[in-house]
Amino acid sequence: MRNILLMSAAAVALAGPAFAQTPSNILTPERVFADPALGGPVAKGVSLSPDGELVAFLRSRDDDVSVQDLWAAPTGPGEPYKLIDARALVPDAGELSEAEKARRERMRISARGVVDYSWDEQGRYILAPLEGDVFLASRADGSVRRLTQTPGDEIDAKVSPLGNFVSYVRDQNLFVLNLTTNRERALTTDGAGLVTWATAEFIAQEELDRDTGYWWSPDEKRIALERYDESPVDVIPRLDITGGGASVVEQRYPRAGRPNAIVELYVQDLTSNRRIKVDLGANRDIYLARVAWSSDASILYVQRLSRDQKTLDLLAVNPATGASRVIVTQKGDAWVGLSNDFKPLRDGRFIWSNEDSGWRHLYLYDRDGKLIRPITEGQYPVLDLEGVNQQTGEVFFSASMRDGHELPIEKQLFRASLNETATPVAITPAGGWWNVSVNGTGTAYVGNYSDPKTPQQSGLYNIDGTRIRWIEENPLNAQHPFYPYVSRLREPTFGTLQSHGETLVWQMKTPPGFDPSKTYPVVMQVYGGPSGGGVKRGWAPATDQLLTEAGYIVFRMDNRGEGFRSRAFKNALYRHMGTVEVEDQVLAADYLRSLPYVDDARIAVMGWSYGGFMSLSMLAEPKMGLTAALAGAPPTEWSLYDTAYTERYMSTPQDNPEGYAASDIIPKLDNLTGRLLLLHGMADDNVIFQNTTRVLNAMQEKSIPFETMLYPGQRHGVRGNPRMLHLWRTYLDFLDRTIGTRAPKAD
């Protein structure tokens, strides 16, 4: 599970035949879900070429924000230019295969056109999958070459490290295309039915943040590839309901406490075509968490996670024989968190992070897994290892660092050292939220920055923080799509509450023209589950302004279990989800009611996925005293959800029956304190629709009035401007009738 109201009288104005027109500076749902996007020109997936001379990025089209093209900009003088025009190459995009639809759903990709791309390590080519086929752009002459045109979709396409081959998965098998001879070769041929090669299985994609199932060696001589067999996995018949009818999908869905797919790892020699099996140990009921090659291709590193996720082993594998040995082990009393921080160095050493100190930090190890020294330390977590300059020994990482009085709501890039454990030095300035991508040599980075007053900006920077050029400056000036509404933009205030010795951070936005002598209804936004948290000093979605324009205070607090915090903070919900999170949100509701400008009889909550679960749980908690809840795609009984996510935080239903029973929504429905709006996609393959139908049935059996909105053909999220506009019109209407101007007045 990866982390996804009242309109003003002038905006709605439905009371008579002659109604007032919405003032031009008031944001409406119709404008939010229209083109061009209100966030302005935003560069996505920005990366530097290996030689540092070109920046590539994805940009949504002005005429259709749902379609992306591939753009490039020189790092020196010169203007950005379109490298791959999605509509020109594939003017009539057809239906994607079910495998590609599922993969994109796992990766939370909703756009069409160019949704991904990759460089070869020489920087000669950019590979871009486009609508099921593969295209190759040449740096030398700017030409774009179509590599495939087949009935099946080519997925997870990659350029080999030296740029001699392109690889991809089609029809559950791995293929390699020689770019010199243009000859395609199948490396596997028996992928079919329940057996799939070179693709991450469902649970790895959805819950382990691993989206690929094969890995090129740096010398292009070998490929490590996964094989998975879903035959042990339970078949969960899923009714896939669309606007044109319904079909039954026999989905292989690994529910908590039930069998997973059998996953194996192989190494295939491209010259001899010999394939050997990697020794992952005698216990087959494990997770293949991460795979990486050493710089000289002599070692294949494999991270093996135990089924209970309390033990993470780093295996060093001989790629010629498949023999493996454990060189480092991480353990946790609750669970061991995964990261993408493993980095092999040219001299044989490697960097890896762990939470042994109580906070995630980076450590340097020798070739055999012996700890050399900590690279970072302190009362803050490293969020990501961003890059290494192996010549200077500089290590670059991102963190929400604080010095005791600051809140962990900002993100910056820092510099540390391989050679000593020293105080990190900030590279990017404080004041907002930075997402960065450091180049392979550690000499430059692409930085994406935003704050509450600044929409996302993208720039190219020297590693010392000096900006080389803008990629997308995106100034909030008169030409910006959001500019007509900026005068009514409300900046958030931030604060803290204390719970069981932990500091909880919150943010609040008040309506335009806010008068503290008056009282206002409140919409609490919630996710609540294990995630990066929602409270941050960054540019907010335009939907927040829809709520403030409608007269609502918008409030969000990260409870224990979510946010970039310590291991203890995250582990607080272990084995009893739906308890400590709700307890913390009760504190938030009590705090809101202590404010003189909050109408304590008009507080609602809204959330999706885990946030939907929280919305239901909070509405059923008498101490919250909520008037309304909007719950989207909620897991309502955790034994219905998948293995890796649920067992990580709850153990299995067999081992923790009390925890599962206590988190079930159904027994709590008699305690609902207000009105409920329940929403779900009718083709959801993640939080299966049964989670909602069991609540529908129970509410009807109890004769409790409620409202429902279902979305045919939609999976775990609602996609596309028309449906998103409908969703938000539904939200606003429901809130208006429950806590807004059309709500029943208190006696």
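# Strands, rings and cores: worked exercises

Strands β15 (residues 214–216) and β16 pair antiparallel, over three bridges. The model is predicted.

**Exercise 1. Find the strands that pair with β16, and say how many bridges join β16 to β19.**

Step 1. Start with β15. Its residue W215 has A224 as bridge partner in β16.

Step 2. Look at the hairpin of β15 and β16. Five residues lie between the strands, and E220 takes a positive phi near 65°.

Step 3. Add β14 (residues 195–197), which pairs with β16 in the antiparallel sense over three bridges. V195 in β14 has D229 as bridge partner in β16.

Step 4. Add β19 (residues 262–269). Eight bridges join β16 to β19, and the two run antiparallel. E226 has L265 as bridge partner in β19.

Step 5. Check the burial of β16 (residues 222–229). The strand is mostly covered, with seven of its eight residues buried.

**Exercise 2. Work out which strands stand at the edges of the open sheet formed by β6, β7, β8 and β9.**

Step 1. Write the order. The four strands run β6-β7-β8-β9, with antiparallel pairing.

Step 2. Pick out the strands with a single partner. These are β6 (118–119) and β9 (144–146), so each has one side without a neighbour in the sheet.

Step 3. Check one edge. Two bridges join β6 to β7 (residues 125–130). The bridge partner of S118 is L127 in β7.

Step 4. Recall what holds such strands together. Strands of a sheet pair through backbone hydrogen bonds, parallel or antiparallel.

**Exercise 3. Describe the eight-strand sheet, then place helix α9 against its strands.**

Step 1. Write the order: β37-β38-β40-β39-β41-β42-β43-β44. The sheet is open and its pairing is mixed.

Step 2. Find the edges. β37 (493–499) and β44 (707–711) each have a single partner strand, so one side of each lacks a neighbour in the sheet.

Step 3. Note the twist. Neighbouring strands here are turned by 20° against each other on average, direction ignored.

Step 4. Pick out a parallel pair. β41 (residues 598–608) and β42 (residues 628–632) pair in the parallel sense over five bridges. A604 stands opposite A628 in β42.

Step 5. Place the helix. α9 lies across β39 (520–525), β41, β42 and β43 (675–681), and runs at about 145° to β41.

Step 6. Check how covered α9 is. In this helix (residues 610–619), 10 of 10 residues are buried. Among them are Y610, F613 and M618.

**Exercise 4. Identify the residues with the most contacts inside the largest nonpolar core, and list what M618 touches.**

Step 1. Give the core its size. It has 84 residues.

Step 2. Name the residues with the most contacts inside it: F350, M524, F555, L592, Y610 and M618.

Step 3. Follow M618. Leaving out residues up to four places away in sequence, it touches M524, V526, V582, Q585, V605, M624 and L626.

Step 4. Look for a separate core. Another one, of 31 residues, lies apart and includes A633, Y711, L725 and Y731.

**Exercise 5. Classify the ring pairs W335–Y574 and F342–W352 by the angle between their planes.**

Step 1. Set the scale. There are 33 aromatic pairs in the model. Planes under 30 degrees apart count as stacked, those over 60 as edge-to-face, and the rest as tilted.

Step 2. Take W335 and Y574. Their planes are at 55° and their centres 6.1 Å apart; the pair is tilted.

Step 3. Locate both rings. W335 is in the loop between β24 (324–331) and β25 (343–344), and Y574 in the loop between α7 (567–571) and α8 (580–593), so the pair ties together parts 239 residues apart in sequence.

Step 4. Check burial. The cut-off for buried is under 20% relative accessible area. W335 has 9% relative accessibility and counts as buried. Y574, at 14%, is buried too.

Step 5. Take F342 and W352. Their centres are 6.2 Å apart and their planes at 85°, so this pair is edge-to-face. F342 is in the loop between β24 and β25, while W352 is in β26 (residues 350–354), 10 residues apart. F342 and W352 are both buried.

Step 6. Widen the view. Ring pairs link W335 and Y574 into a cluster with Y527, Y610, F613, W638, Y641, Y645 and Y649.

**Exercise 6. Which rings have the charged ends of K536 and R565 over them?**

Step 1. For K536, the ring is that of W433, with the charged end 4.4 Å from its centre.

Step 2. For R565, the ring is that of F569, with the charged end 4.2 Å from its centre.

How values were computed
Residues are numbered from 1 along each chain as its sequence is written. This is a predicted model: local features need pLDDT of at least 70, side-chain atom pairs count only at pLDDT 80 or more; totals for chains, interfaces and linings use all residues. Side-chain values use heavy atoms; hydrogens and water are left out. Rings of Phe, Tyr and Trp (its six-membered ring) pair if their centres lie within 6.5 Å; planes under 30 degrees apart count as stacked, over 60 as edge-to-face and the rest as tilted. Buried means under 20% relative accessible area, exposed over 50%, partly exposed in between (1.4 Å probe, protein chains only). A charge sits over a ring if NZ of Lys or CZ of Arg is within 6 Å of the ring centre and within 35 degrees of the ring normal. A nonpolar core is a set of buried Ala, Val, Leu, Ile, Met, Phe, Trp, Tyr and Cys residues joined through side-chain atoms within 4.5 Å. Contact means heavy atoms within 4.5 Å. Two strands pair if DSSP finds at least two bridges between them. Axes are lines fitted to C-alpha atoms, for helices over the stretch in contact, and angles run from 0 to 180 degrees between N-to-C directions.
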